[in-house]
Amino acid sequence: MSTETVLTTHKDVSFDPETYVSTYYSSVAGHEEEGDGLRFFLDGLSDAFKSGAITGIRLLDIGTGPMPHTAFCAAPWFEEITLSDFSQKNLEFLQKWKDGKINHMGPVCEYLVQIDPASSFEKRQDELKRKVKNIVKCDVTQSNPMVSAPVDGVVFDAITSSLCLEAASITLEDYAKSVRNLSGLLKCGGHLVLVGVLEETFYRVGDFRFKCTYITKDQLQDIYQKEGFEIISLKDLNETYSAHMEEYDYSDFKNAFVMVARKVER
Ligand SMILES: C[S@@+](CC[C@H](N)C(=O)[O-])C[C@H]1O[C@@H](n2cnc3c(N)ncnc32)[C@H](O)[C@@H]1O
C-alpha cells in the first residue's frame with residue numbers, strides 16, 4: 001500500500017543505507033515489485049566478469065551506495081578497487097562493512113557464489129575487502145568527479161556502476177554529461193560494465209522518492225556511442241525475464257539492462 005512520500009533528488013537528500021539494503025537487497029528475490037530484476041542484474045554481472053576478459057590493475061565503482069556487489073563480481077580480476085558515492089552516509093556504511101562492523105552482503109553474494117562457484121562467499125568477500133583501497137566521495141555530474149586524494153587525477157582500467165547514472169541526473173542532457181565525466185576517468189580501451197534501468201521516473205527509499213532520468217534503450221545506446229563507447233553487449237530484462245508489475249509504489253522502471261562497453265580511441 002502506498003504511503004505519503006517526498007519527491008526529491010540525491011543532491012537534496014541522502015537515503016538511509018539500512019533502509020535501502022533492507023528494501024532491495026534482503027534476499028536475492030529483491031523487492032517484490034521488481035520482478036526478476038535483481039537476479040537479472042546479478043546474472044549479468046557474473047556473466048560479464050567470470051571469463052576474466054575484463055581485467056586490469058585499478059577498478060572504480062561509481063555510486064556504490066551501501067552495496068559493493070558489483071565490485072564483488074569484478075574483484076578477482078583487479079588489484080586495487082575504489083568504491084565511491086555522492087552520499088557521506090553511504091561512504092561511512094561502506095567503511096563499516098570493510099572494517100567488519102556490518103555484514104549485509106550475504107543474501108546477494110551467496111547467490112553470486114552459487115552461479116560462479118570458484119570459491120566461497122567468505123573468501124571472495126575477504127579478497128574484495130583486501131583490494132578495496134579507497135572509499136571516496138564522487139560526484140559524477142562534475143567534470144572532475146573524483147576530487148579526493150589519493151584518486152584525484154587517476155585514470156582507471158575499468159569502471160563499474162549500478163543504478164547510479166539515472167539517479168544522478170534528471171534530464172537526458174545531464175545524463176550525457178555524466179557519461180562524459182565518467183569517461184574521463186577511464187583509460188582508452190578500458191571497459192565499462194553498467195547496470196541500469198530504462199524508462200524510470202523515480203525509485204523509493206523509505207519516505208523519499210528519488211527522481212531519475214527517463215531514458216529508453218535507443219537513447220541509452222545513442223548516448224554511449226556518441227560519448228565514445230563501443231557497446232560490446234547489452235542485455236535487457238524484458239527479453240529474458242518476466243515483466244515488471246503493473247502497479248508501482250517503489251519504482252516505475254519498464255525495463256532494465258546490463259551493458260558491457262569499451263572506450264574507443266578518438
Ligand atoms: C539506486 S542507488 C544504487 C546503489 C548501488 N550501486 C546499487 O546498485 O544498489 C544510487 C546511488 O547513486 C548515488 N549517487 C546519486 N547521485 C550521485 C552523483 N552525482 N555522483 C555519484 N553518486 C551518486 C546515490 O548516493 C546512491 O548511492
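This passage describes the strands of a predicted model and the helices that lie across them.

The central element is an open sheet of 7 strands. Their order is 4-3-2-5-6-10-9, and the pairing is mixed. Strand 4 (132-137) and strand 9 (229-236) stand at the edges. Each has a single partner strand, so one side of each is left without a neighbour in the sheet. From one strand to the next, the twist averages 15 degrees.

Strands of a sheet pair through backbone hydrogen bonds, in either the parallel or the antiparallel sense. Strand 6 (residues 186-198) and strand 10 (residues 255-263) adopt the antiparallel sense, with 8 bridges. Here Leu 198 has Asn 255 of strand 10 as its bridge partner.

Two helices lie across strands of this sheet. Helix 2 (residues 37-50) crosses strand 5 (156-162), strand 6, strand 9 and strand 10. The helix runs at about 20 degrees to strand 10. Helix 8 (residues 172-183) lies across strand 2 (58-62), strand 5, strand 6, strand 9 and strand 10. Its angle to strand 6 is about 145 degrees.

A hairpin is formed by strand 7 and strand 8. Strand 7 (residues 202-205) pairs with strand 8 (residues 208-211) in the antiparallel sense over 4 bridges. Phe 202 has Lys 211 of strand 8 as its bridge partner. Between the strands there are 2 residues, and Gly 206 takes a positive phi near 60 degrees.

In a regular strand, side chains alternate between the two faces of the sheet. In strand 7, Phe 202 and Arg 204 point one way. Tyr 203 and Val 205 point the other way. All four of these residues are buried.

Definitions and conventions:
Residues numbered from 1 in each chain as written. Predicted model: local features only at pLDDT ≥ 70, side-chain atom pairs only at ≥ 80, totals over all residues. Heavy atoms only, no water. Pairing = 2+ DSSP bridges. Axes fitted to C-alpha atoms, helices over the stretch in contact; angles between N-to-C directions. Contact = heavy atoms within 4.5 Å. Buried < 20%, exposed > 50% of the residue type's maximum accessible area, 1.4 Å probe, protein only.
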